[in-house]
Amino acid sequence: MITRIELAVKPAFPDFEGRKIKNGAHDLGVKTIDKVYSFPVTYLQGELSEANSIKIAGHLLADNVTQDYLINRKFERDTDAKQWSVEITFNRGVTDMVAETTLKGIADLGITGITEAKTAKRYIFIGSLTEEQKSLITEKLLMNKVIEHVLQPGEALFAPHGDDRFNLVHVPLRQANADELLKISRDRDLFLNLEEMKTIQKHFQDIGREPTDVELEMLAQTWSEHCSHKSLTGKIEWEGKVIDNLLKNTIFKVTSELNKPWCVSVFKDNAGIIRFDDEYNICFKVETHNHPSAMEPYGGANTGIGGVIRDPMGTGLGAKPVINTDVFCFGPVDIKYEDLPKGVLHPKRVMQGVVSGVRDYGNRMGIPTSNGSIFFDERYIGNPLVYCGNVGLIPVDKCEKTIVPGDAIIVIGGRTGRDGIHGATASSGELHTESEDTWSGAVQIGNPIVEKKLVDTLMQARDLSLYRAITDCGAGGLSSAIGELAETTGAEIELDKVPLKYHGLSYMEIWISEAQERMVIFVAQDKVEQTLKLFAAEDVEATIIGKTTNDKKIRLFYKGTMVGELDMHFLHKGLPKTIRKAKWEKPVIKEAEFPQPANLGDYVHKILAAPNVCSKEWVIKQYDHEVQGGSALKPLVGAAGDGPGDASITRPRMSSFKAVILANGLNPNYGLIDPYHMATSAIDEALRNVIAVGGSLEQTAILDNFCWGNTDKPDRMGGLVRAANACYDAAKVFETPFISGKDSLNNEYQTENGESIAIPPTLLISAISVMTDARKAVSMDLKEAGNLIYCVGLTKYEMGGSHYFNILGKSSATVPQVDLDGAKKIFTAMSAATDKGLVRACHDCSEGGIGIALAEMAFAGALGAEINLSQLPKEPTTLRDDFALFSESNSRFIVEVQPGKQQQFEKALAGCPFAHIGVVNKDTTLVIRGENGKTLVKEDIYKLKESWQKTLGW
Amino acid sequence: MIPGVLVLRAAGSNCDDETKFAFEQAGARADLVHVNRLLNGEVKLENYQILAIPGGFTYGDDISAGKVLANQLKYKLAEKLHQFYNDKKLIIGICNGFQVLVKAGLLPVVDFTAQQTVTLTINDSGKYEDRWVYLKVNDSPCVFTRNSKATLHYPVAHTEGKFVPQDDQTLQYLIDNKLVVFQYISPDGKKPAFPWNPNGSVHDIAGICDPSGRILGLMPHPERNIDPTHSPFWTRNGLAAEGDGLALFKNAVQYFK
């Protein structure tokens, strides 16, 4: 028996969902809709009396102040009008967390007999619509076919998933020729190349049997780009030499050479760990979730943040997640639908989905999202980038795992389903027009409350020392988690013991499923009982699925039959090193020549309104940045709490003022000119943001996240080699070690005519810095009239990739470079000045240059300012006014200093390029004068603010 | 006496640590207790003087905010809560906790059997809002706001914070009985529009108490403004001795002295 309960908003209250759909349809060009009504629907399977169905509807599902309900009937609206009704529900096997909670709520009411629940959404559209418009609205607005479908009359909502039939599959490999090997790789979506397939063939020829399907899958997943980073750790031909392992020769090398005593654990665990105070360390990891977000923005981003939160949770013996950060790259949100390539979601929909996905997961986990950035470029249309990061706090004595034979292997948290099959391998290939269909199984939907319960209980288990090792199930699922954690011992797993969401999964699917919210712990046998009891007390599933062994083999069983046996050494060390070619040629870019435009104030407005500069308040305010009580410098600052802060400061322990500064640097515009300078610029930007808020280079670590095109293509790989070399050079001089990193390659999108569009080379640098006392923080908003304004750092003719030139449609090859030694001197001097309390406000000069930095400081502080560029330290000294105003040279700050501290401040900056360029005024005008005293800019700060806020003021 | 605070946790609670910390800073002792331990009798409510239901997304707010935890209180703990209330003890619900209190039948009056008369529903902006707001503290029987400053600065962070009474009589009842403890106001003291009324609450209501003044529910987060660095303006205005929120917790402790 199925009971259907439909809810409706009472007429006196707004129907937000209906309104959103109506506006969305309008955006799609459908303007004949008068109104949209939305109705949440719940289906319940099982015996249910009328009284009990009323109890469920009235006391659990509906809010009696704002909602009405109907049982087994549908609401009617505007019955005289032309209308269309459609109902959308989740595909089988997709996480339906509201349904799961509903079952719990029904049990709390004391009602038994309900076996399953499912939710749906029904809509009534008032107005006349063509069939074409109906399908447009359905596909572009109401659902994503990867996870949802239109409910059909008579559809079996609770059809069985199939039974657990067991059929052991061997794959004939030993006799296969090259073509057949490649066919096997392709047909099974293994993404293994011929050399790799031959290596596997040889292995099985040597041991004298055919591999099973699960063995092949485990090898493909462990050897995937996503898990092994084989491109960057393989061999690369570059400028006549062979680089054996690029990462080892650049990123890892600089960390090892710097040898900082405060680096606790780098590049070996799920996140890099550095010292925080005597009792705690902090760890930091940033991941990408690009391909899933391209296909299903909400679910992709949702599981992106959910996944990276589990990295600190799975670091050492488990860190408490304390800060989230996220950086997105999207296509332009104002692009017309007709200009989009086939099979691609509109960037606005991608952005709204991604932001909601990160919001709903981060907020529900109770982790503040305090830092981030968004970048728009056309080349991200088919392949958006979603970087998610998490900082964790971990006791100093819980940073190491111990792996010994004989421990129980326990899976904790969520159940395993068919979601996310082949995620690791799929993410290692290019996207194409049919990706939505082909990879539907790879998309996952998160359930943050399952993860929240998990972390709450896990922290108790950790503090009771109940387990000896932990890791998360991410890409590759149990296969990757147990394969890596038990590498030194070996393990035996009984796959039929793994708790499932539903029946019908094969042993292979169980092993490689990437279902969310799962972790694995290794527990000494004498602590198993206590462990299981602890998790049960807070409704977290914990199930013994196997044990560690001592023969360095992984053995998989299903209902007593061995279905797979692999040698750990072959699994982890057997991957052949492919040689990739790399070359880089300087692009030919013509240097633009043009006269200085008349009114530079217009350009200040235009740059402020540019999507990459404008206010991101619409996004930021949807994230909880106050939870956990440690926010000391918020993402938005100033007199009205809406100015763009340079970095966030968070106290991870409420009892102390010691804090963590988070900042990031990213500028793909520069990467198109020269990835080397993009990388040094990104590092400089991340670090100067740390310095701007009052931090220092002391105990500052950085993370690298490369998102690149297909590095099998030599030009893409060449750019990457240059960027990696730059990372080494810059980190070495700044003495800021890399502690963790990740790369996501193959970020290309194949259009219908076979053309491959690569994303711009994109390197995100995330900086984490330990600040001794948060009470020394400096914000970027101007504070008091009469204070002096300084520019610190040298302004050069570096217009390549600048916003000014982009807006003018001009080109330049003069990408901003970093004078590393000079930059370090400036950063060190600025830190000393803020530490002594000599700096009243400080803003980093980045996108848009001095003009934009000043405008932002003025409107954030609700104060005017008058500036003269004639004294500005610049190179050449004859630099034209507009270039001085908008050049994006690195390592510069605009600083506000109280008159009484002028001498001390100038003394602290001795030896650095700097100049007193103006004064803070109590009026609301920003005046900028040029070389000969001529007024270049005279603008009202509130008008400037309006330009800055309107672009994304959704 | 030093009161004991039971900070109630459930799946999805997430302001429990800072609520505990705020009570401890105010001089109380506080324990985090999972609702399962109250339900199975392992922990006894009667051993505490204050029940605090913190912010968060209990059970994901999947059906509506706070609903599932509210039903657990209403259907499984009503008797114990009644006793707790009759013993003249204190109950506070912040954000998700406020949503729980109105849906469980603890606000505006303790009645576990009647229909809910007020609710907290989706913000007028239709989305989650994390913002700092100004609150006017009204004359009320509320224990937590005794001798309070006239205006307070707290952050809000919620999707379902729009306070709605079911009808005009209900609103009038709240006003007549001085149960409207907090109202949103604009920085210049005038009637607030968005964002100063961040959710569109009827009568700008941010928090209410029951007629005894011993049960308080509010959407803004006092526990997020207890330290000098919590204020969004401290880099402009300097460091205060303590944040505006600490006094509320101190009042609760003082009540037992």
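Helices and strands here are DSSP runs, helices being H or I over at least four residues and strands E over at least two, numbered from the N terminus. With that in hand, Pro876(A) can be placed in the loop between β38 (874–875) and α30 (881–886) of chain A. The peptide bond leading into this proline, from Glu875(A) to Pro876(A), is cis, with omega near 0 degrees. All of this comes from a predicted model.

Chain B has a cis bond of its own to look at, joining Phe194(B) and Pro195(B) with omega about 5 degrees. Here Pro195(B) sits in the loop between β9 (180–185) and β10 (205–209) of chain B. Back in chain A, the backbone at His229(A) also deserves a glance: phi is near 50 degrees, a positive value in a residue that isn't glycine. His229(A) is found in the loop between α8 (225–228) and α9 of chain A.

Just past that loop comes a salt bridge. Lys230(A) and Glu196(A) meet through their side chains, at 3.1 Å from N to O. Lys230(A) belongs to helix α9 (residues 230–233) and Glu196(A) to helix α6 (residues 194–207) of chain A, so the pair ties together parts that are 34 residues apart in sequence. Over all chains, the structure holds 75 salt bridges.

Now for the chains as wholes. Chain A is built with 32 helices and 42 strands. Its radius of gyration is 29 Å, close to the 30 Å that the globule rule gives for 954 residues, so chain A is as compact as a globular protein of that length. The C-alpha trace of chain A spans about 85 × 75 × 60 Å along its principal axes. The domain assignment splits out domain 1 (2–150), domain 2 (178–233) and domain 3 (778–954) of chain A. Between the centres of domain 1 and domain 3 of chain A, taken over C-alpha atoms, there are 53 Å.

Chain B, for its part, has 8 helices and 11 strands. With a radius of gyration of 17 Å against the 18 Å from the globule rule for 257 residues, the two values are close, so chain B is as compact as a globular protein of that length. Along the principal axes, the C-alpha trace of chain B runs to about 50 × 40 × 35 Å.

That leaves the interface. The contact draws on 66 residues of chain A and 59 residues of chain B. Together the two chains bury about 5,100 Å², with 53% of that area on carbon and sulfur atoms. Three residues, Asp62(B), Asp130(B) and Arg236(B), supply 14% of the area that chain B buries against chain A, more than any other three residues.

Polar links run across the interface too. There are 34 residue pairs in polar contact between chain B and chain A, counting pairs with both residues at pLDDT 80 or more. Several elements of chain B each supply at least two residues to the side that touches chain A, among them α1 (16–25), β6 (129–137) and α7 (234–237). The largest share of that side comes from α3(B), with 7 residues. By class, the side of chain B that touches chain A has 21 nonpolar, 21 polar and 17 charged residues. As for charge pairing, 8 salt bridges are found across the interface of chain B and chain A. One of them links Glu617(A) with Arg131(B), where the closest N and O atoms are 3.6 Å apart.

Terms used: Residues are numbered from 1 along each chain as its sequence is written. Chains are lettered from A and ligands numbered from 1 in the order in which they are written. This is a predicted model: local features need pLDDT of at least 70, side-chain atom pairs count only at pLDDT 80 or more; totals for chains, interfaces and linings use all residues. Side-chain values use heavy atoms; hydrogens and water are left out. Contact means heavy atoms within 4.5 Å. Buried area is the accessible area (1.4 Å probe) that two parts lose on being put together, summed over both. A salt bridge is a side-chain nitrogen of Lys or Arg within 4 Å of a carboxyl oxygen of Asp or Glu. A polar contact is a pair of N or O atoms within 3.5 Å; within protein, one must be able to donate a hydrogen and the other to accept it, and residues adjacent in sequence count only if both atoms are side-chain atoms. Ala, Val, Leu, Ile, Met, Phe, Trp, Tyr, Cys and Pro count as nonpolar, Asp, Glu, Lys and Arg as charged, and the others, Gly among them, as polar. Domain bounds come from an automatic or database domain assignment. The radius of gyration is taken over C-alpha atoms; the globule rule is 2.2 Å times the number of residues to the power 0.38.
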